[in-house]
Amino acid sequence: MKLAIVGKGGVGKTTLAAALAQHFARFSPPVIAIDADPDGNLGSALGVPGHQLPEPIAGMRDLILERTGAKDQPGGLYSLNPKVDDLPDRFSVEVGGVRLLVLGTVEWGGKGCMCPEGAVLKALLQHLLLRVPEHVILDMEAGLEHLGRASARGVDAMISVVEPGMRSVQTAARVRALASEIGIRRTFVVANKIRDAHEREVLQQALGDQPIIGTIPYCDRLVRADLDGMPVLLEDDVLASAVRLIGDFLAKQLDSKGEGHD
């Protein structure tokens, strides 16, 4: 499965991305987790020590210039189809059965970044989503800047994380519209920090026909772990139970890539 996890800051999308990556690594390996959020901290959520975090691909200037041919071409010309198939093995770190790769930040402008860094990241995402056999979990910002139409073809589903409150619902609606524009047909929602059935019901009414496929109850331990930058642990029964249901739903819905919930 190739899954993109999105949502506004603070709703818990990195928590869900890390938990799903650990879930699939435990029950259906192998898994690659991609930190594609410029402000992301997926590494810490997976428990990677700070000194072992992978270097962001976008910051590897010499590599990018070499792969795109930009340093040898006059007039700022560069390849839009650089070699990237070796990068996941070279620049990922493994933790708990999950391989973590960090994309890094590119200054995206207009409809995309017309720069060597952007070319490498887009080619790398296409490779990961269209060619590798592993599960791929993308922890993304809500704007979807990293995803173009070509790489979006490999995304089986996009999951928006919402919390009680209409701002995250509005973000989920914008994400759905953006996903449709680039060809992602399946969009789901996970409700996080839910205290009671009424909160879930209010969110579902506000979301309309976007289905909530899972609910993560409010838990002080999870909130504190997020605030303190501590790893997400599936040993926490509250999280493990919720993520197991979400994972089972996705496995059933996406078992056949030609079918599924629109």
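**Helix contacts and enclosed spaces**

Let's begin with two helices in this predicted model. Helix α3, which covers residues 61-68, packs against helix α5, residues 116-130, at an angle of about 80°, and their axes lie 9 Å apart. Angles from 65 to 115 degrees count as roughly perpendicular, and α3 and α5 are therefore roughly perpendicular to each other. If you would like to find the contact on your screen, look for Arg61, Ile64 and Thr68 on the α3 side, which meet Pro116, Glu117 and Val120 of α5. The contact of α3 with α5 is mixed in class, with 3 nonpolar, 1 polar and 2 charged residues.

Now turn to a second helix pair. Helix α7 (residues 166-181) and helix α8 (residues 197-207) pack at an angle of about 35°, with 10 Å between their axes. Where α7 passes α8, the crossing is right-handed. From α7 come Met166, Val169 and Ala172, and they meet Val202, Leu203, Ala206 and Leu207 of α8. In the contact of α7 with α8 there are 7 nonpolar residues, with no polar and no charged ones.

From the helix pairs we can move on to the enclosed spaces. How many cavities of 30 Å³ or more does a search of the whole structure find? There are 2 of them. The largest cavity holds about 100 Å³ of space. Around the largest cavity you will find Thr15, Asn192, Lys193, Ile216, Pro217, Tyr218, Cys219, Leu222, Val223 and Asp226. Three elements each give two or more residues to this lining: β7 (187-194), β8 (212-217) and α9 (220-228). Of these, α9 gives the most to the lining of the largest cavity, with 3 residues. By class, the lining of the largest cavity has 6 nonpolar, 2 polar and 2 charged residues.

The second largest cavity contains about 50 Å³ of space. To locate the second largest cavity, select His23, Arg26, Phe27, Leu234, Ala240 and Arg244, which line it. The elements that give two or more residues to this lining are α1 (13-27) and α10 (237-253). Which element gives the most to the lining of the second largest cavity? That is α1, with 3 residues. The lining of the second largest cavity divides into 3 nonpolar, 1 polar and 2 charged residues.

Note on methods. Residues are numbered from 1 along each chain as its sequence is written. This is a predicted model: local features need pLDDT of at least 70, side-chain atom pairs count only at pLDDT 80 or more; totals for chains, interfaces and linings use all residues. Side-chain values use heavy atoms; hydrogens and water are left out. Axes are lines fitted to C-alpha atoms, for helices over the stretch in contact, and angles run from 0 to 180 degrees between N-to-C directions. Helices (H or I, at least four residues) and strands (E, at least two) are DSSP runs, numbered from the N terminus. Angles under 35 degrees count as roughly parallel, over 145 as roughly antiparallel, 65 to 115 as roughly perpendicular and the rest as oblique. Contact means heavy atoms within 4.5 Å. Ala, Val, Leu, Ile, Met, Phe, Trp, Tyr, Cys and Pro count as nonpolar, Asp, Glu, Lys and Arg as charged, and the others, Gly among them, as polar. On a 1 Å grid over the protein atoms alone, a cavity is a set of points where a 1.4 Å probe fits but cannot get out, and a pocket is an open set with protein on both sides within 12 Å along at least five of seven lines; lining residues have an atom within 4 Å of a point. Grid points are joined across faces, edges and corners, and a volume is the space filled by probe spheres set on the points. A crossing is left-handed if the near helix is turned anticlockwise from the far one by less than a right angle, and right-handed if clockwise.
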